[in-house]
Amino acid sequence: MDIIRCITQNKLAPLVFLALGVFCFIPAETVLAQERHNHDTATQILAPGYRVLEYAAPEPGAYKLPPSGKAGNGLILDENGRERLLDEFFGDKYVVLSFIYTNCNDVNGCPLATFVLGQLQQRLAEDAKLKDHVRMISISFDPDFDSPAIMAKYGKQFNRNNFDWRFLTTKSTRQLQPILRGFNQPIQKEYNENGEYAGVISHILRVFLIDKTRQVRNIYSVSFLHPDTVISDIKTLAMEDEAEGYAVSDVANGLRKHGTGDDKDGYETESYRTNTKSLLSRQGETTDLMKTVKQPPLGLPGITIPENNPITRKKIQLGKQLFFDRRLSYNNTLSCAMCHIPEQGFTSQELATAVGVEGRTVRRNAPTLYNVGFARNLFHDARENSLEQQVWIPLLAHNEMANPAVGFVIEKLKSITEYTDKFEQAFHGKGPGMETTGMALASYQRTLNSANAPFDRWYYGQDSKAMDEQAITGFELFTGKARCVSCHAINKDYALFTDHKLHNTGIGYLNSMGSQDDKQQVIVAPGARLTIDSDVVAEASEPEPNDLGYYEITGNPDDRWKYKTPTLRNISLTAPYMHNGSLGTLKQVIEFYNQGGVKNELLDPLIQPLKLEKEETGALIAFLNALTGSNVDELIADAFAQPVGNVKQ
Amino acid sequence: MKQMSKPICVAFSIFLMAIAPIASSDETCMSPYMAKIVGQEDFVYVWTLGMEGVGDQQDKLVTVDVNPQSGNYGKIINTLSVGGRNEAHHSGLTDDRRYLWAAGLDTSKIFIFDIHTDPAKPRLHKTITNFVSASGGVVGPHTTYALPGKMLVTGLSNDKDHGGRTGMVEYTNDGDYIATYWMPTDENLYGAVKAGKLADGYGYDVRVLPRRNVMITSSFTGWNNYMMDLGKMMADPEAMKRFGNTVVIWDLHKRQPKKVLDVPGAPLEVRCAWGARNNYCFTSTALTSKIWLIYEDDTGDWHAKPVADIGEAEKIPLPVDISIAADDSLLWVDTWNDGMTRLFDISDPHNAKEIYTEKIGAQINMLSQSWDGKRVYFTSSLLSNWDKKQGEDGDVQYFKAYTWDGKKLTKQFSIDFIKAKLGMPHQMRFGSYALYAKNRPAEVDISVAANP
C-alpha cells in the first residue's frame, strides 16, 4: 500500500483525507509535522503517474536498461479460470506487469498502477509499431476475494479495443507465494485489534517491465511510474532488439599508457584542470615478454638467470597472474600490483610511502620494478639478494600483504581453481609451493626490462640526434660537475645507473633526528593551501615510525641512514623520490643534492654542495627525462591485458 | 493479531515530497522509495568497526533499544559479529525495509542483514564477497541506497590503483549484480558536461530526487587515503591531491551523468530537501569546511555554490555527517575533529546560518534523528585509521542519545563502545516492530544477550 498507516493504541482521532480517498490515522504530533511540511497544495498530492511528467521523458535508445533477473513464475488462473503458468505470458512480447487487488482503495497504490497501464494501453494502441508487441498483466494479491470472475469483470472496466491486457489471479494465497517471491514483492495483510483481516494489503508498489527473454528490465515505484517513461523504456528495448547487440560504448581509446590515470599535475594552482583517464580505457595487449630477457633493450647488460630457475613463458605468465592477484594478501585486498602499479612506473606515484593491509603504514616508498632483474640486492636497505626469496617478505609482512604463514598462502593458491594446472605446467608437475611461487613471480619481474631510451640510442647507438642539446649538457653535468655518475654508474657497454651500494645522503638522518615544524602546509583543494598546526590531528595519528636504514640489517652504527642507490632508468615515471618518497619532483631532488644533502656525521663523503646554476638544473632534468625506455607502453599494455585477480564468489 | 504496544506510524513507499505529508530525520536522509518510521523508533542498528585489542576485534551490527517505553531502554540488546575487520562504514535499507545492507570499505564485502524476521535480533542473511569482480573493479562499497526493488551502491576506489576513480554498482534486492556505472572522467564523460574545470571520476554518496529525475553523487577519496593513518596522509602532498572535488548531477532514469560540478575539498554526504518545490540538496566539504548548496535554477539547470563556512578551516574541523530536518529549515552538521555538532538555519538555503553548537565527545561522526526531530543520536567513529587514539575522559568511541526541544540538546544516555568491548560505532539505522506488523514481545532480561 502506498498510504500512511498508523496503528495506535491511543485511539487518536482519525484524520480522513477525503480528497485522496485515503484513510490515514495519524497521531497528533505527526499531524503537526505534516502541516508544517506540507506547505504545497493538495493539487500536488497525487503521484506523478497521474500528472504531466515534470521532466522530459528519456529519449528511447539513449540509455541501457540492464537486466535485473528473471521474471517470477508460478501457477495462475486466467480470466476463464483456466490454470496456466505465468511464464506462458512472457517471451513473445514486452510485458508490463503489476500486482493489484480489486478492493484496494489507496489512490496512489493499485489504482495508480491501473491508471498508468490504462494510459499505456491508449498510447500503445495508437502506435502501429508497438501495439502488437506489448502485453500488460495485472495480477491479484488477494486470491481469497479476487476470483477469475471478479478479475474478468474488473478488467472489463479498463480494457479498451481488446488490447492485450490480462487480469490474472491465483487459486490461493499459497499458490501466489512463489510468484511474489519470484518478483521479490513482499506483502502484509493488515489485521484489526480482534485479529480479523482489515481488508488492506500493504505492499510496496512495484510495476515490472519484462523483455522477451523474460528478464526484468525496470521496476517502477509510485514516485516514478509514469506512462511516458514506461513507453520510452519499451521503445528502448525494441530498439535494442532491432539492433541486436546495440550497446552504448564505454571505452575511449588511443591515449598514452604511462602516467597515473588520475593526473594531478598543476594541482597546486587554481587553474588546475583534471585530465582524468577512464578506468575502462585501461586495456592492453599481451606481448612476448621473453624478448626482453633474451635480448634486453639497448643499454642493458645480459640478464643473469639463476640456474635453478630457468625462465620460461609459462613461468612468466603464471608469475604475471600472481602479480596482479589481490587474493595473495590475507584479506584479498592487495596484490603486488596495487603498490607496483604498471602505469605509475611499477611504483605508486600517488603515495610517498606505501599502505598495507588494513591501511597499515609502510615506512618506505614502493621501489620501481623496472629492471629489477639486474639488481644485486633488493629493498631500500639491501636486505635480500634473490627475487625468488624476496617475494615472501611482502607476502608475509604484517604491514604489507599480511599473510600469517607460508602455508596459508600455499593452501590458498591450491584452492583457487585458476591456478590448478598452471603451476604444474610451469614447474613439471609441481603445484603451488614456497619455491614455485617465488620462482614464478621472479620470472615475471625479470621481464620488466626497459631501456633503449634516447640516452641509450645517443650513447650506445651512436645516434647523435637521439638526445637534444639540453639533455647532452645534462649528461655532461651528470658525469662531471654534478658528480651523479659516481653512484649512478654508467658502464662502457651498458648502464644500470647504480653502484649497487648504500649511501647516507642525510635524508634518513633528517627523518630520525630533525625536529618537526610547528606549522604544516596542507593542500585541501586545487590551488587551496592551509597552514595548520602540526599537532591538529596528533590525537588521530600514530607516531611516525623511525627508519635507520642499512643499520637495521647490519647492526653497525656506521650504517645508520644508509640506503641503496636506485636505478635512474625511467626515473621520470617513478615519482615521488628517495626511500621515503619525500621529494615530489626531480627538481627537488637536484636541489637536495645541490645543497649537499643533509649534514650529519655519517654523511657520505661523495655528497658535497654542487653549486649548480638554474639552467644546469634544467639540463640535468632534461637528461633524466631522456632515460625513459622505448618499451614502457608495451610493458604497461601487457600488464593491462592481465585481469586483476579477485574473489569470484 | 494483537494490537501495537505503542503509537507507531509507518509509511510505505511514499513519494514523500508530493504525496506524503511526512518526512523524517534519520529518515530524511534516506531513500524516498523506502518505507518510513514516522513515530517512535524501537531500535538503532549501529554498524560497528572491529578494533584490534577490543573484544572480539571484528565488525559487528549492534542493536540498541531506544524506545523509552521499553524496559531495555538505553541498552544493547544484540550484537552480531560478521568476521574480520572490513572497515565497516555505511549501511542502508532496502525499499521494503526488510534488509539492511552494511558495507565494508576495505574488503568490499557487503553484509545483508535480515531485520524483519525479528527486528530485535538481526540475522546475517547473505554476504556479497565478489563485489569487486562482479562490478569490474569497483572497490570500497559505501552508500547502499534503496531504489525500487534494487540497491544502488556507490564505490570509493578501484582495484587497479586504489585511487579515487570509481563507479556505482546496482544490485537486485536479492543481492544479484545488475550493472556498473562509472563516474565521469575527462577521457569519458559518458555524455556529461563539465560545468567547470574538474571531472575526477571519484565517488562517495548518492541521493535522488525522483520527481526531477535527478540523482546526485559526491566524491571523497580512494582506498589508499581512507585506509591510511591520518597524520601520514596529511604529511603526504601527493596523497592530499587525491581528494574528490566534484558533484555529479545524473539522469536518474537513464543512470547517465548530465553535469559535473566543481565542489572543491571533498564533498561528502548529500542530503536533499523534501519540500515539493525545493529542488535542492546540500553537501559539506570535509577539507574546505563549507556547506554547499546544489540547486536547480528556473531553467532546469543545476549549480553548486558554497552557502556557509563550518568552523575555521585552518583548525581542520572536518565536517562529516549532515542531516536535514523534515521541513527543510534546519541542517545538523557534525565536525569530527572538535567533536561538535552544529545546527544551521537553512530556511534560506542560499544563506545558511549557524544557530547552535554542542560538544558531543572527543570526536564525532554520524548523527541520526527521529523524524519529528525530537530525538537525535550520535556516534563517534570516522575511519579506523583516522579515529582518535585517545580523548578527553576516554570519551572517544560512543553511541549517545539526545533529545532536542527546539532550543537545546539534552543527553539521555550514552554507551561507551570501548568499555562495552564492541569497537568503533559508525552508521545508525532505525528499526521498528511496526514496520513488519509485529508486536514488541514481553520484556525479557537482555543482560546476557548483550555479550553473547
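Which elements are included in what covers the buried residues of α18(A)? In this predicted model, the cover of those residues includes α14 (469-479) and α17 (586-594) of chain A. The buried positions themselves are T617(A), A619(A), L620(A), I621(A), A622(A), F623(A) and L624(A). Helix α18 of chain A comprises the 12 residues 614-625, and its end C-alpha atoms are separated by 17 Å, in agreement with the 16 Å that is expected at 1.5 Å a residue, because the expected span is 1.5 Å times one less than the number of residues.

Chain A as a whole contains 19 helices and 18 strands. Taken along the principal axes, its C-alpha atoms fill a box of roughly 100 × 60 × 50 Å. The radius of gyration of chain A is 35 Å, whereas a compact globule of 649 residues would have a value near 26 Å. Of the 649 residues in chain A, 46% are buried, and among the contacts in this chain with a separation of 6 or more, 69% are accounted for by residues that stand 24 or more positions apart.

The division of chain A into domains gives domain 1 (1-45), domain 2 (49-243), domain 3 (290-452) and domain 4 (454-628). For domain 3 of chain A and domain 4 of chain A, the C-alpha centres lie 25 Å apart. To the contact between these two domains, domain 3 of chain A contributes 28 residues and domain 4 of chain A contributes 32 residues. On the side of domain 3 of chain A that touches domain 4 of chain A, the residues comprise 10 nonpolar, 13 polar and 5 charged.

In chain B, strand β27 (residues 340-345) is mostly covered, with 5 of its 6 residues buried. Strand β26 (residues 330-335) of chain B runs antiparallel to β27(B) and is joined to it by 6 bridges, and within this pairing T335(B) has M340(B) as its bridge partner. The two strands β26(B) and β27(B) form a hairpin with 4 residues between them, and in the turn G339(B) adopts a positive phi of about 70°. Strand β27(B) is also joined by 6 bridges to strand β28 (residues 353-359) of chain B, again in an antiparallel arrangement, and here D345(B) stands opposite K353(B) of β28(B). Strand β27(B) is thus bridged both to β26(B) and to β28(B).

Definitions and conventions:
Residues numbered from 1 in each chain as written. Chains lettered and ligands numbered in written order. Predicted model: local features only at pLDDT ≥ 70, side-chain atom pairs only at ≥ 80, totals over all residues. Buried ≥ 20, exposed ≤ 12 C-beta atoms within 10 Å, placed from the backbone. Pairing = 2+ DSSP bridges. Domains from an automatic or database assignment. Contact = placed C-beta atoms within 7 Å. Nonpolar A, V, L, I, M, F, W, Y, C, P; charged D, E, K, R; others polar. Rg over C-alpha atoms; globule rule 2.2 N^0.38 Å.
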